[in-house]
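Please follow the path below from one helix to the interior packing and then to the aromatic side chains.

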Amino acid sequence: DVKMLKKTVMQKMTEQQDRASLVKQETLKLTKERVYRLQDCWIRPNFGGRGRKLPGNLEAHANGFRYSTQKAEQVDIMYSNIKHAIFQPCEKDLITLIHFHLHNPIMIGKKKITDVQFYTEVVEGTVALDGGRRSMYDPDEIDEERKDRERKNRINNGYRAFVKKIQEMWEQKHAQLQLEWDVPFRELGFEGVPHKSTSTVLPCLNCLVELIEMPFFVLSLNEILLVNLERVGFSLKNFDMTIIFKDMTRPVVRIDAIPSERLEAIQQWLSKVEIKYYVSRMNLNWKPILTSIMDDPDKFFEEDGGWEFLNLEGSEGEEDDEEEESSFEPESSGEESDDDDDDDDTRVRCRRTS
């Protein structure tokens, strides 16, 4: 088939271009000391290809990690190429995971990626279709729940012990890299749409992440210039978050449909991590705005007032509210005075009648 042949050729050309554009990584040095190993874990994205997918082992060596399976598939991740290392234990999710966000892309199978994840399923993603509900006092149900809790605790503790050992090794032998595991703050999480589906976005100490749904979402906090919270008000049930980077050649990133009840918590978090934010009543077209700023930054900051144009809507709304309040007060006082006059007239008439 001509279409299939053309597709195959294009895929090979893309793969060759991706491999040619990779930054050359150092060679993995196998450790001669004790190897810290995370056994029977899965990788995302996977290696691709045909055949049954198998779990593998993640090993920590002298200058990097090596993940390998029984099918002789393997990938090396150098410590010096790790930008963010994230450990997310299972709480309300189905998996416990560790995630690496990389400085430079690597190849996994035929894919060029900057995010790689290793995980273990804590609760199997299957549903029993036996057609009946069990009682909460059913001994079998209670026993299954107990086993699920034990499995979750065992897997979480295994990952936690691995992460602790790696952190100690990094501090002792790779202090110059300043690597540190990040753990998401569950209490600061919020629902939103970073890509195409609704998921839970979690702040960490150094980044903002969503690591359950693919494609993964990882943003470094130190690369963010400011945040604009859009579509706030109008009695809407949700609002949008637009993230503008210090490197204005990067397109803005949006997280849509965040529930309005999370607005105050997000504002408090942004203030705590010292990221400036603005609140707008409508969505803005950011591409021409950033283009005009880069064309003449001096004019934007010195003559146009910089980012204060984002405050205009809020200030106008406040002024409107103040005008409404001030115009309302005289009306109420006038009505009260009219009532008082009516009462006085009634008293006068009563006196004359008497």
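**One helix, two sides**

Glu264 and Lys272 are exposed (over 50% relative accessible area, with a 1.4 Å probe and protein chains only) on one side of H3, a helix being a DSSP run of H or I of at least four residues, numbered from the N terminus. The buried residues of H3 (residues 263-272), those under 20% relative accessible area, are Leu263, Ile266, Gln267, Trp269 and Leu270. Because these cover an arc of only 165° around the axis, taken from the directions from the helix axis to the C-beta atoms, they lie on the same side of H3.

This is a predicted model, in which local features need pLDDT of at least 70 and side-chain atom pairs count only at pLDDT 80 or more, while totals for chains, interfaces and linings use all residues. Residues are numbered from 1 along each chain as its sequence is written, and side-chain values use heavy atoms, leaving out hydrogens and water.

The largest nonpolar core (buried Ala, Val, Leu, Ile, Met, Phe, Trp, Tyr and Cys residues joined through side-chain atoms within 4.5 Å) has 33 residues, of which Phe65, Ile82, Ile98, Phe100, Phe118 and Trp170 touch the most other members.

The structure also holds 15 aromatic pairs, meaning rings of Phe, Tyr and Trp (its six-membered ring) with centres within 6.5 Å. The rings of Phe65 and Trp170 have centres 6.4 Å apart and planes at 80°, so this pair is edge-to-face (over 60 degrees; under 30 is stacked and the rest tilted). Since Phe65 belongs to strand E3 and Trp170 to helix H2, the pair ties together parts 105 residues apart in sequence.

Conventions. Helices (H or I, at least four residues) and strands (E, at least two) are DSSP runs, numbered from the N terminus.
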